[in-house]
Structure formats: structure tokens, C-alpha cells
Amino acid sequence: MKPEVRASWLHEYGEDEYGIASRFGSGACDVFVVDGSRIGRDGLLVGAGFTVQFNDRVSAYIFYDGDLGRTNYETNSVSGGFSVAF
């Protein structure tokens, strides 16, 4: 088994608020803009997981990744899979 742990700091230099231009499907009005929530510029990127090597050709893995600590924004994901080499 091969464990892996990652952590890094994230700073966004771009906009911290985004507008979404929209229009009703019927075309009944002009384009209007909806502003989203203001999101934090700084956060912590974390990841952890492991890979299991069954033999020279077959392995499996599972990992967690997260973007944590930002105002009005957080992501979490879990991924897994296997690999077969020919």
C-alpha cells in the first residue's frame, strides 16, 4: 500500500464575485445579470488517499480532495479506480 497526503495554500488573484448573464427561454425580456456570492480569496487545498499495488500490472486507488476554509465556497470530492497495464 502506498499512502499519500497533500496540503497547500491557495490564493485567488482574480475576481472574487462573478455575474451570470441570463435570459428567459421565451425571449420575453432583455438579458439580466445575477451576481453570485462573494467568495474568499484564501483557502487550504488538502488531499489524502492510497494506492494498492496487487501485482506488476494491477493496482487500485482511492483519494479525497478538498478546498477548505474559503468564505462562501467549499469543495469536497472522493475518487477511486483501478489500473490494468498491458
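## The sheet and its edges

Four strands make up an open sheet in this predicted model, and they follow the order β1-β4-β5-β6 with antiparallel pairing. Here strands (E, at least two residues) are DSSP runs that are numbered from the N terminus, and two strands are said to pair if DSSP finds at least two bridges between them. The edges of the sheet are taken by β1 (2-11) and β6 (73-84), each of which has a single partner strand, so one side of each is left without a neighbour in the sheet. From one strand to the next, the twist averages 10°, where the axes are lines fitted to C-alpha atoms and the angles run from 0 to 180 degrees between N-to-C directions.

Residues are numbered from 1 along each chain as its sequence is written. Because this is a predicted model, local features need pLDDT of at least 70 and side-chain atom pairs count only at pLDDT 80 or more, while totals for chains, interfaces and linings use all residues, and side-chain values use heavy atoms, with hydrogens and water left out.

## How the strands pair

Starting at one edge, β1 pairs with strand β4 (residues 42-53) in the antiparallel sense over 10 bridges. Within this pairing, Ala-7 stands opposite Val-46 in β4, and Glu-4 has Gly-49 in β4 as its bridge partner. Strand β4 also pairs with β5 in the antiparallel sense, again over 10 bridges, and there Val-46 stands opposite Gly-66 in β5. The two strands β4 and β5 form a hairpin, with 4 residues between them.

Towards the other edge, β5 and β6 are joined in the antiparallel sense over 11 bridges, and Gly-66 stands opposite Asn-76 in β6. A reader can therefore trace a path across the sheet, from Ala-7 to Val-46, from Val-46 to Gly-66, and from Gly-66 to Asn-76. The hairpin of β5 and β6 has 2 residues between the strands, and in this hairpin Asn-72 takes a positive phi near 60°. As a general point, the side chains in a regular strand alternate between the two faces of the sheet.

## Salt bridges between distant parts

The structure holds 4 salt bridges, each being a side-chain nitrogen of Lys or Arg within 4 Å of a carboxyl oxygen of Asp or Glu. One of them joins the side chains of Asp-65 and Arg-6, with a distance of 2.4 Å from N to O. Since Asp-65 lies in strand β5 and Arg-6 in strand β1, the pair ties together parts that are 59 residues apart in sequence. Asp-65 counts as partly exposed at 27% relative accessibility, and Arg-6, with a relative accessible area of 33%, is partly exposed too; the cut-offs are under 20% relative accessible area for buried, over 50% for exposed, and in between for partly exposed (1.4 Å probe, protein chains only).

Another salt bridge links Glu-12 with Arg-70, where the closest N and O atoms are 3.8 Å apart. Glu-12 lies in the loop between β1 and β2 (19-22) and Arg-70 in strand β5, so this pair ties together parts that are 58 residues apart in sequence. The side chains of Asp-67 and Arg-70 also meet in a salt bridge, at 3.1 Å from N to O. Salt bridges that share partners join Glu-4, Arg-6 and Asp-65 into one network.

## The setting of Arg-70

Arg-70 belongs to strand β5 (residues 58-70) and counts as buried, at 9% relative accessibility. Its salt-bridge partner Asp-67 is buried as well, whereas Glu-12 is partly exposed, with a relative accessible area of 30%. If its neighbours within four places in sequence are left aside, Arg-70 is in contact (heavy atoms within 4.5 Å) with Leu-10, Glu-12, Ile-39, Gly-40, Asp-42 and Gly-43. The C-alpha atoms of Arg-70 and Leu-44 are separated by 7.8 Å, although these residues are 26 residues apart along the chain.

## A nonpolar patch on the surface

Met-1, Phe-50, Ile-62 and Val-78 form a nonpolar patch on the surface, and together they have about 430 Å² of accessible area, a quantity that comes from the Shrake-Rupley method with a 1.4 Å probe, with only the protein chains shown counting as cover for residues. Patches are made of residues with over 30% relative accessible area and no salt bridge, where like charges are joined within 9 Å and nonpolar side chains (Val, Leu, Ile, Met, Phe, Trp, Tyr) within 5 Å. One member, Met-1, is found in the segment before β1 and is exposed, with a relative accessible area of 75%.
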